[in-house]
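Hi everyone, thanks for making time this morning. I'd like to walk you through one structure, so let me put it up on the screen.

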Amino acid sequence: MNTPHIAIVGAGFAALTAVRTLRKRDAQVRITLIAPRAELVYYPSLIWMPAGLRRRQDLHIDLSGFLAQQRVEFHAARVTGLADGGRTVLTDSGTLANDALLIASGGRFLKGLPGIEHALTICEGTTAAESIRDRLAALTGGTIAVGFATNPKEQGAMRGGPMFELLFGIDTLLRQQGRRDRFRLVFFNPAKAPGKRLGEKAVTGLLNEMKKRGIDTWLGHKLTAFEADKVRTEGGDFTSDLILFMPGMTGPDWAEASALPLSTGGFFQADAHCQVSGADKVFVAGDAGSYPGPDWLPKQAHMADLQARVAAENLLGALAGHPPVARFKLELVCIVDTLDRGILVYRSEKHAIILPPCRLFHWAKSFFEWLYLRPYRKTAGA
Ligand SMILES: Cc1cc2nc3c(=O)[nH]c(=O)nc-3n(C[C@H](O)[C@H](O)[C@H](O)COP(=O)(O)OP(=O)(O)OC[C@H]3O[C@@H](n4cnc5c(N)ncnc54)[C@H](O)[C@@H]3O)c2cc1C
């Protein structure tokens, strides 16, 4: 057989970890990365942008040096669908044949709630984070509402951690600026016990932290709409001068055009080996997939990395004619940052741990960012 050609969709956490795993295990294999831009956006530090601790240029990492070093071809395009069971990738800039495919194009947010345009969603990237920074700076007082929701068709498809970080970060920022007394902060969520996936102790810990900071809560009421100055729920409405909201997640916009099996929430349906169910040599890693596991299985970068390693290993095995054996570890690790402190949350099949806010974890989160991005910050030719 000629040198096999692997196509990877995406240039985020899962895609790049897969590249490194593949290259480490096979020096010869041909790898093509397909994404709109050869850059990694480091989402976990977006929460520091509203306070000015990070700028856009700190979080958009040019990948040209890394890709050259790893001998990866880059196809600048947006994938629009698949043909031949995945052997042909359809893009807005031509088609691409492959011998094996890894999907790592992340998820997207549900935008169905009426008036959703009145809310800012930090997960949309640096432009949204800059808008939050500017709106905060312009406000002289009032109410700031911060909340998140899930995908009703797939309860695990949510991203709550960053919204707790944004909430605590704004509280800290306003205190640092000496104007916290002019604002009311409200945390809203349709669930009565938000953040349950982080563990029961974590829910209590996070709600206690809100109480300590004088943050009001609006819990257990289904959201019905947003207005320019209002959050509407089945349990009543409240006014707000700034609404920060993370909707539930769903799969990539091209998933339906792939003819691959999808979960009820619209993600690529995978097995414990990160293989797309019933598809030949098609794997998925990270936020784009739906995987078997406990109900707290997170959609986070750490999990995307764990899945990408497994997907890459099994993909190489499949090319060699072996059945998949590698399985990803079930683990949730995050530091909920409060701008000057961090709360460590860890969950596995055996443990659920939450450690109270301390400065060390804030610095650890920052150090981890530096460490994580180091291999990708290569300059071309270096
Ligand atoms: C504010 C915020 C804070 C977070 N904090 C943490 C944290 O502290 N810890 C943690 O572990 N996780 C955190 N996360 C979650 C983490 O960032 C995601 O889980 C992670 O980015 C998922 O990685 P991924 O590779 O699956 O997708 P992504 O990182 O989203 O990458 C998807 C890639 O696919 C590309 N793409 C999209 N559509 C197409 C297409 N049609 N064709 C080709 N390419 C496409 C994109 O351009 C991108 O390169 C945070 C997320 C946010 C937003």
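Let me start with a small puzzle: which residue in strand 17 stands opposite Thr233? Have a look while I remind you that this is a predicted model. Found it? The residue facing Thr233 is Gly236.

Now let's place that pair in its sheet. Strand 16 covers residues 230-233, and its pairing with strand 17 is antiparallel, with four bridges. On the other side, strand 15 and strand 16 also run antiparallel, again joined by four bridges. One of the pairs there is Glu227 with Lys230, the latter sitting in strand 16. Strands 15 and 16 make a hairpin, and two residues lie between them.

Put together, that is an open sheet of three strands in the order 15-16-17, with antiparallel pairing. At the edges you find strand 15 (223-227) and strand 17 (236-239), each of which pairs on one side only. From one strand to the next, the twist averages 15 degrees. As a reminder for anyone who doesn't look at sheets every day, strands in a sheet pair through backbone hydrogen bonds, in a parallel or an antiparallel way.

Let's zoom out to the domains. The assignment splits the chain into domain 1, made of 5-36 + 77-107 + 251-329, and domain 2, which is 111-249. Their centres, taken over C-alpha atoms, are 32 Å apart. Where the two domains meet, 11 residues of domain 1 are in contact with nine residues of domain 2. The domain 1 side of that contact has three nonpolar, five polar and three charged residues.

On to the ligand, which I suspect is what many of you came for. Which residues come nearest to the ligand? Out of 35 residues around it, the answer is Gly10, Gly12, Gly106, Gly286 and Gln300. By class, this shell has 23 nonpolar residues, eight polar ones and four charged ones. Both domains take part, since domain 1 and domain 2 each give at least three residues to the shell. Looking at individual elements, helix 1 (13-25), strand 2 (30-35), helix 5 (161-176) and helix 7 (301-319) each bring at least two shell residues.

Helix 5 takes me to a residue I'd like to show you, Gly161, which lies in that helix. Is Gly161 buried or exposed? Gly161 has 26 C-beta neighbours inside 10 Å, and therefore it counts as buried. Leaving out neighbours within four places in sequence, Gly161 is in contact with Cys334 and Val336. Compare its position with Ile6: the two are 155 residues apart in sequence, and their C-alpha atoms are 33 Å apart in space.

My last stop is Gln70, in the loop between helix 3 (64-69) and strand 5 (72-76). Why does Gln70 count as partly exposed? Because it has 18 C-beta neighbours inside 10 Å, and the buried class begins at 20. Setting aside residues up to four places away in sequence, Gln70 touches Val19 and Arg23. There is also Ala27, 43 residues away along the chain, with a C-alpha separation of 9.1 Å from Gln70.

That's my tour. Thanks for listening, and I'm happy to rotate the view for anyone who wants another look.

Methods. Residues numbered from 1 in each chain as written. Predicted model: local features only at pLDDT ≥ 70, side-chain atom pairs only at ≥ 80, totals over all residues. Near = placed C-beta within 6 Å. Nonpolar A, V, L, I, M, F, W, Y, C, P; charged D, E, K, R; others polar. Domains from an automatic or database assignment. Pairing = 2+ DSSP bridges. Axes fitted to C-alpha atoms, helices over the stretch in contact; angles between N-to-C directions. Buried ≥ 20, exposed ≤ 12 C-beta atoms within 10 Å, placed from the backbone. Contact = placed C-beta atoms within 7 Å.
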